[in-house]
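User: I am new to this structure. Could you teach me how to read its features, one at a time?
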Amino acid sequence: QAQLVESGGGLVQPGGSLRLSCAASVSICRINAMGWYRQAPGKQRELVARLTRTGVINYGDSVKGRFTISRDNAKNTVYLQMNSLKPADTAVYYCNSDPPQFRWGQGTQVTVSS
């Protein structure tokens, strides 16, 4: 079973930046789309960014213009650069394919607070 390991989260002040990484234990080069998801307390998990292997990128409206997704197939790693962070971005962030086909990892906590 493939493993996904997210890292890079932390506590940051509003307006700050973080870069998340997701390392996969399997090759991701043939996966059509990889995505970053987040789940805030009391809310459902939502897809915030996806990147297909052909380079098509989609963002959720709430993160458009602030977040950037990228992937390094050689390293089997997906990244999420998050800028201009807001308290509303506070959540546990996960990566997976879109649609999800792997077991969910533990995620990485992002807390945006002053």
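Analyst: We will go through the sheet, the core, the salt bridges and one buried residue. Keep in mind that this is a predicted model.

User: Let's begin with the sheet. What is the order of the strands in the open sheet of four strands?

Analyst: Read a sheet strand by strand, from one edge to the other. Here the order is E1-E3-E8-E7, and the pairing is antiparallel. Strand E1 (4-7) and E7 are the edge strands. Each has a single partner strand, so one side of each lacks a neighbour in the sheet. From one strand to the next, the twist averages 15 degrees.

User: How many bridges join E1 to E3?

Analyst: Four bridges join these two antiparallel strands, E1 and E3. For a single position, look at Ser 7: Ser 21 in E3 stands opposite.

User: Now the interior. Which residues touch the most other members of the largest nonpolar core?

Analyst: Look for the members with the most links to other members. This core has 28 residues, and the best-connected ones are Trp 36, Leu 80, Met 82 and Tyr 93. Next, ask which strands feed the core. At least two residues come from each of E3 (18-24), E4 (33-39), E5 (46-52), E7 (67-72), E8 (77-82), E9 (91-97) and E10 (108-112). E3 gives the largest share, four residues.

User: What is Leu 80 in contact with, leaving aside its neighbours within four places in sequence?

Analyst: Leu 80 contacts Leu 18, Arg 19, Leu 20, Trp 36, Ala 49, Phe 67, Thr 68, Ile 69 and Tyr 93. Trp 36 and Tyr 93 in that list are also among the best-connected core members.

User: On to charge. How many salt bridges are there?

Analyst: Side chains of opposite charge can pair when their charged atoms come close. In this model the count is five salt bridges. Take Arg 38 and Glu 46: their side chains meet at 2.9 Å, N to O. Then check each partner's accessibility. Arg 38 has 6% relative accessibility, so this residue counts as buried. Glu 46 has 35%, so that residue counts as partly exposed.

User: Which other side chain meets Arg 38 in a salt bridge, at 2.9 Å?

Analyst: The side chain of Asp 89 does, also with an N to O distance of 2.9 Å. This pair links distant parts of the chain. Asp 89 sits in the loop between E8 and E9, Arg 38 in strand E4, and they are 51 residues apart. Asp 89 is buried, with a relative accessible area of 1%.

User: Where do Asp 98 and Arg 50 lie?

Analyst: The side chains of Asp 98 and Arg 50 form a salt bridge at 2.6 Å, N to O. Asp 98 is in the loop between E9 and E10, and Arg 50 is in strand E5, so the pair ties together parts 48 residues apart in sequence. Asp 98 is partly exposed, at 23% relative accessible area. Salt bridges can also share partners: Arg 38, Glu 46, Arg 66 and Asp 89 are joined that way into one network.

User: One last residue. Is Thr 108 buried or exposed?

Analyst: Compare its accessibility with the cut-off: buried means under 20%. Thr 108 has 8% relative accessibility, so this residue counts as buried. Thr 108 belongs to strand E10. A polar atom of the Thr 108 side chain lies 2.9 Å from the backbone nitrogen of Gly 9. Not counting residues up to four places away in sequence, Thr 108 touches Glu 6, Ser 7, Gly 8, Gly 9, Leu 20, Ala 91, Val 92 and Tyr 93.

How values were computed: Residues numbered from 1 in each chain as written. Predicted model: local features only at pLDDT ≥ 70, side-chain atom pairs only at ≥ 80, totals over all residues. Heavy atoms only, no water. Core = buried A, V, L, I, M, F, W, Y, C linked by side-chain atoms within 4.5 Å. Buried < 20%, exposed > 50% of the residue type's maximum accessible area, 1.4 Å probe, protein only. Contact = heavy atoms within 4.5 Å. Pairing = 2+ DSSP bridges. Axes fitted to C-alpha atoms, helices over the stretch in contact; angles between N-to-C directions. Salt bridge = Lys/Arg side-chain N within 4 Å of Asp/Glu carboxyl O. Polar contact = N/O pair within 3.5 Å; in protein donor to acceptor, adjacent residues only side chain to side chain.
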